[in-house]
Every structure is written in C-alpha cells, then in structure tokens.
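Reader: I am new to this structure and should like to understand it step by step. May I put some questions to you about it?

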Amino acid sequence: MTVPLHQILQPADWVPARGYSNGVVARGRTVFLGGQIGWNSSQIFETDDFIGQVRQALENIVTLLKEAGAGPEHVVRLTWFITDKQAYATRLRELGEAYRSVMGRNFPPMSVVQVTALIEDEAKVEIEATAVLPD
C-alpha cells in the first residue's frame, strides 16, 4: 500500500470534496510558485481556448516543480484566477480531463476566484501553486 505524502483533512461527517480537498497537513521543504498563465516557455500564447490555457499553465507548474526536484504529487495548494466563470463551470469535464492528464490524481486544496482581468490581456487563467517535499 502506498503511503500518502501528505495527510488530507476530511472530517468524518463532511461530504467529500470532488476534484479537490478541503485541507492538507504536510511537512518538509516548501516550494512557492508564482502565478502561471497559459503561455509557453517563450511567453507566447498558442491558444485562446480556456482549457488549452489551463493545460499550459499546469504544464508550466510541473516544469517549475521539476526544477525543485518535485512533481505534481507534492502540490499542497492551488489558487486559480479565471476571467470567465461560465467557461470554467460549463467545461468541468474537459477541465478535469486536462487537469488529470498533467497533474495526475493529486487533488490538493484549491480556490478558484473570478477576476475582471489578468495582467496579460490574452490570459484566461492564472494558477499559483504551493508544494511540500518530504524531509
């Protein structure tokens, strides 16, 4: 049996969260990533599609995690800033598929916030990540 890297907080009398967790306990070296948007390593947007930008932002997160010797399984928190709540809400299935294809089945605590705009005009999503590598 695989021992989880982090302890997920799930009170017995709470309905389990879907696609995220409500809390996590982690111990180790902490990695903080600035907000990643849906452009590539050359700072070029290859798509204006919401799901495509989410996938690219998550891939950027994974690339940065590798620099710290970490992977998606070490992520303990994600904060999403989106410009279109409807694009998020109406495409949850596609969003979940894109998320799992990049991040696997790690579902840390997440917050999603709708904002009026992001600094880069073409950006539809920005995602911040925090990861903890075990001691």
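Reader: What distance does helix α1 reach from its first C-alpha to its last?

Author: This is a predicted model, and in it helix α1 covers residues 50-67, a run of 18 residues. At 1.5 Å a residue, a span of 26 Å is expected. The computed reach from first C-alpha to last is close to that expectation, at 26 Å.

Reader: Which residue caps the N-terminal end of α1?

Author: The cap is recognised from a side-chain oxygen that lies 3.2 Å from the backbone nitrogen of Ile51. A polar contact requires N or O atoms within 3.5 Å. The residue that supplies this oxygen is Asp49.

Reader: What is the approximate phi of the glycine that follows α1?

Author: Helix α1 is followed by Gly69. The phi of Gly69 is positive, near 75 degrees.

Reader: Which elements are included in the cover over the buried residues of α1?

Author: The buried residues of α1 include Phe50, Ile51, Val54, Leu58, Ile61, Val62 and Leu65. An α-helix has 3.6 residues a turn, so residues three or four places apart point the same way. The cover over the buried residues of α1 includes β3 (29-37), β4 (75-82), α2 (85-90), α3 (92-103) and β6 (125-133).

Reader: Are α1 and α3 roughly parallel or roughly antiparallel?

Author: The axes of α1 and α3 come within 9 Å of each other and cross at roughly 20 degrees. Because angles under 35 degrees count as roughly parallel, this crossing makes α1 and α3 roughly parallel.

Reader: Which residues of α3 make the contact with α1, and is the crossing right-handed or left-handed?

Author: On the side of α1, the contact is made by Phe50, Ile51, Val54, Arg55, Leu58, Glu59 and Val62. On the side of α3, the residues are Glu94, Leu95, Ala98, Tyr99, Ser101, Val102 and Met103. The crossing of the two helices is right-handed.

Reader: Which backbone oxygen does the side chain of Asn60 reach?

Author: Asn60 is found in helix α1 and counts as buried, because its relative accessible area is 12% and the cut-off is under 20%. Leaving aside neighbours within four places in sequence, Asn60 is in contact with Gln36, Ile37 and Trp39. Its side chain reaches, at 2.9 Å, the backbone oxygen of Ile37.

Reader: To which backbone nitrogen does the side chain of Asp84 extend?

Author: Asp84 is placed in the loop between β4 and α2 and counts as partly exposed, because its relative accessibility is 36%. Asp84 is 34 residues from Phe50 in sequence, yet their C-alpha atoms are 8.7 Å apart in space. The side chain of Asp84 reaches, at 3.1 Å, the backbone nitrogen of Ala87.

Reader: Is Thr79 buried or exposed?

Author: Thr79 lies in strand β4. Not counting residues up to four places away in sequence, it touches Ser111, Glu126, Ile127 and Glu128. Because its relative accessibility is 14%, Thr79 counts as buried.

Reader: What is the separation between the C-alpha atoms of Pro11 and Asn22?

Author: Pro11 is placed in the loop between β1 (7-8) and β2 (24-25), and at 32% relative accessibility it counts as partly exposed. Pro11 and Asn22 are 11 residues apart along the chain. Their C-alpha atoms are separated by 9.5 Å.

Reader: What is the approximate phi of Gln43?

Author: Gln43 is found in the loop between β3 and α1, and it is exposed, with a relative accessible area of 53%. Its phi is positive in a residue other than glycine, with a value near 60 degrees.

Conventions: Residues numbered from 1 in each chain as written. Predicted model: local features only at pLDDT ≥ 70, side-chain atom pairs only at ≥ 80, totals over all residues. Heavy atoms only, no water. Helix = DSSP H or I, 4+ residues; strand = E, 2+ residues; numbered from the N terminus. Expected span 1.5 Å × (residues − 1). Buried < 20%, exposed > 50% of the residue type's maximum accessible area, 1.4 Å probe, protein only. Contact = heavy atoms within 4.5 Å. Polar contact = N/O pair within 3.5 Å; in protein donor to acceptor, adjacent residues only side chain to side chain. Axes fitted to C-alpha atoms, helices over the stretch in contact; angles between N-to-C directions. Parallel < 35°, antiparallel > 145°, perpendicular 65-115°, else oblique. Left-handed = near helix turned anticlockwise from the far one by under 90°.
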